[in-house]
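Visitor: I'm new to protein structures. Could you walk me through this one?

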Amino acid sequence: MKSIMHSKNDHTCYLCERLNYDNSTRTGLEEHHVFGRCNRGLSTKYGLMVYLCRQHHTDNSLGAAVHFNKDVAAELHRLGQRAFQEHYPELDFQEIFGINYLEEE
């Protein structure tokens with residue numbers, strides 16, 4: 001399934017846009033499943049993937065790579081849950097994914 005959060009055809013980094021308000025086009029974007037590990041398949045099934053520049057995905061030279069920065073990962077989880085709830089209002093995110101990332105809101 002294609003992403004419900006971000007179009008690969010935009011050639012932009014999802015986190016550059018969200019965190020830095022930078023919508024410059026990029027090359028070499030990497031697909032990131034918002035919910036990984038045991039929920040990676042669910043991310044694919046429900047279109048919860050985004051496209052990231054290397055600095056926001058796996059190169060932590062800026063300190064903001066989702067695989068190394070807990071705060072960035074948590075923000076992406078919240079954005080993913082919101083996208084799921086908007087796109088699939090008839091489904092229960094917490095029942096499917098087994099967690100609620102919006103508890104503190």
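Guide: Here are some questions and answers about rings, charges and the core.

Guide: This is a predicted model, where local features need pLDDT of at least 70, side-chain atom pairs count only at pLDDT 80 or more, and totals for chains, interfaces and linings use all residues. Residues are numbered from 1 along each chain as its sequence is written, and side-chain values use heavy atoms, with hydrogens and water left out.

Visitor: How are the rings of F84 and F97 arranged: stacked, tilted or edge-to-face?

Guide: A ring pair is described by the distance of the centres and the angle of the planes. Rings of Phe, Tyr and Trp (its six-membered ring) pair if their centres lie within 6.5 Å; planes under 30 degrees apart count as stacked, over 60 as edge-to-face and the rest as tilted. For F84 and F97 the centres are 5.7 Å apart and the planes sit at 85°. That makes the pair edge-to-face.

Visitor: Which helices does the pair of F84 and F97 tie together?

Guide: Helices here are DSSP runs (H or I, at least four residues), as are strands (E, at least two), numbered from the N terminus. The two residues are 13 apart in sequence, so their pair ties separate parts together. F84 lies in residues 70-87 and F97 in residues 93-97, which are helix α4 and helix α5.

Visitor: And why is the pair of F93 and F97 called stacked?

Guide: F93 and F97 are 4 residues apart in helix α5, so about one helical turn separates them. Their ring centres lie 4.5 Å apart, and since their planes are at 15°, the pair is stacked.

Visitor: Is F93 buried or exposed?

Guide: Buried means under 20% relative accessible area, exposed over 50%, and partly exposed in between (1.4 Å probe, protein chains only). F93 has a relative accessible area of 2%. So F93 counts as buried.

Visitor: Which residues do ring pairs link into a cluster?

Guide: The structure holds 11 aromatic pairs. Ring pairs join up into a cluster made of F35, Y46, F84, Y88, F93, F97 and Y101.

Visitor: On to charges! Which strand and helix does the salt bridge between E30 and R54 tie together?

Guide: Side chains of opposite charge can pair when their charged atoms come close. A salt bridge is a side-chain nitrogen of Lys or Arg within 4 Å of a carboxyl oxygen of Asp or Glu, and E30 and R54 meet at 3.2 Å, N to O. They're 24 residues apart in sequence, so the pair ties together strand β1 (residues 30-33) and helix α3 (residues 54-57).

Visitor: Is R54 buried, exposed or partly exposed?

Guide: Its partner E30 has 16% relative accessibility and counts as buried. R54 has 47% relative accessibility. That puts R54 in the group called partly exposed.

Visitor: What is the N to O distance between E75 and R78?

Guide: These two are 3 residues apart in helix α4, so about one helical turn separates them. Their side chains meet in a salt bridge, with an N to O distance of 2.9 Å.

Visitor: Last one: which element supplies the largest share of the largest nonpolar core?

Guide: A nonpolar core is a set of buried Ala, Val, Leu, Ile, Met, Phe, Trp, Tyr and Cys residues joined through side-chain atoms within 4.5 Å. The largest has 26 residues, and M5, Y14, L15 and L48 have the most contacts inside it. α1 (14-20), β2 (49-52), α4 and α5 each supply at least two of its residues. The largest share, 6 residues, comes from α4.
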